[in-house]
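Subject: Structure handover

Hi,

Here is the structure for you to look through. My notes follow below it.

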Amino acid sequence: MLDLFDLPGTERRFAEGAVLLRGLALPREAELLAAVEGVTAVSPFRHMVTPGGFTMSVAMSNCGAAGWITDRRGYRYGAIDPETGNPWPAMPDVFRALAMNAAARAGYPGFTPDACLINRYEPSARMTLHQDKNERDYAAPIVSVSLGLPATFLFGGKERSDKTLKLPLQHGDVAVWGGASRMNFHGVNTVADGVHPLVGRRRLNLTFRKAL
Ligand code: MD3
Ligand code: FE
């Protein structure tokens, strides 16, 4: 449902500590996409395996000092891309600048991300409800940037069984998750088929974290 609060340039605080900045990434869309291509040319997208043995439908890569990984041994952050054996690519300046600007607007002026997880959803991919618990410092917020195909984001509560708010996320939207919302369950509904004029047949999500 589109209303006045959902137009580009608006800011909506929809939960304690959670702020949605509609369209904040739009002025930098081309540079952001070029930076995703640069990172994933070095550390390609891959479908990781959960500790339970399931292959994720979302393909992932990382940049920054640390990257999020999962395999049969567990979930964790690491400095080395296990696929290449090399450090993750450096965080592009355009990534860091956007994340810091978004965090400052949302009330977190000192946020300096050291990890950026890049999620790629092709149509039919989804992310089931989970909490982000692998970061060392839960006082730091998480900043997320959505590019490409739209998706319905599910924002739950502190328990997996709590009811979820459905939030449509579009190309260019940025969200900041801190304070009381930092440990809420969240996920992404199955992405519907489509083609975005700039990004193609996929949704990209950048999540910036202070992991170390
Ligand atoms: C709310 N990614 O990578 S980003 C993830 O769209 C993840 O790819 C989703 O959840 C995506 O872990 C959602 C928005 C997000 C990220 C972290 C949160 C929302 C959050 C942490 C706490 C609460
Ligand atoms: Fe998450």
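Which element gives the most residues to the shell around ligand 1? It is β13, with four residues. Keep in mind that this is a predicted model.

First, the overall picture. The protein has two helices and 13 strands. Its C-alpha trace spans about 50 × 40 × 35 Å along the principal axes. The radius of gyration is 16 Å. A compact globule of 212 residues would have one near 17 Å, so the two values agree.

Now the ligand. The space that ligand 1 takes is the largest pocket. Five elements give two or more residues each to the shell around it: β6 (115-121), β7 (127-130), β8 (142-148), β12 (186-188) and β13 (203-209).

There are 19 residues around ligand 1. Those that come nearest are Asn119, Tyr121, Arg182, His186 and Arg203. By type, the shell divides into seven nonpolar, eight polar and four charged residues.

Next, the polar contacts. Three side chains are worth finding on your screen:

- Asn119: an N or O atom of its side chain is 3.0 Å from an oxygen atom of ligand 1.
- Arg209: a polar side-chain atom lies 3.1 Å from an oxygen atom of ligand 1.
- His130: a side-chain N or O atom is 3.2 Å from an oxygen atom of ligand 1.

How much of ligand 1 does the protein bury? Taken alone, ligand 1 exposes 500 Å². The protein buries 98% of that area.

Start with β13 when you open the file, as β13 gives the most to the shell. Then look for Asn119, one of the residues that come nearest to ligand 1.

Best wishes

Terms used: Residues are numbered from 1 along each chain as its sequence is written. Chains are lettered from A and ligands numbered from 1 in the order in which they are written. This is a predicted model: local features need pLDDT of at least 70, side-chain atom pairs count only at pLDDT 80 or more; totals for chains, interfaces and linings use all residues. Side-chain values use heavy atoms; hydrogens and water are left out. A residue is near a molecule or strand if one of its heavy atoms lies within 4 Å of it. A polar contact is a pair of N or O atoms within 3.5 Å; within protein, one must be able to donate a hydrogen and the other to accept it, and residues adjacent in sequence count only if both atoms are side-chain atoms. Accessible areas come from the Shrake-Rupley method with a 1.4 Å probe; for residues, only the protein chains shown count as cover. On a 1 Å grid over the protein atoms alone, a cavity is a set of points where a 1.4 Å probe fits but cannot get out, and a pocket is an open set with protein on both sides within 12 Å along at least five of seven lines; lining residues have an atom within 4 Å of a point. A molecule sits in a cavity or pocket if more than half of its atoms lie within 2 Å of its grid points. Ala, Val, Leu, Ile, Met, Phe, Trp, Tyr, Cys and Pro count as nonpolar, Asp, Glu, Lys and Arg as charged, and the others, Gly among them, as polar. The radius of gyration is taken over C-alpha atoms; the globule rule is 2.2 Å times the number of residues to the power 0.38.
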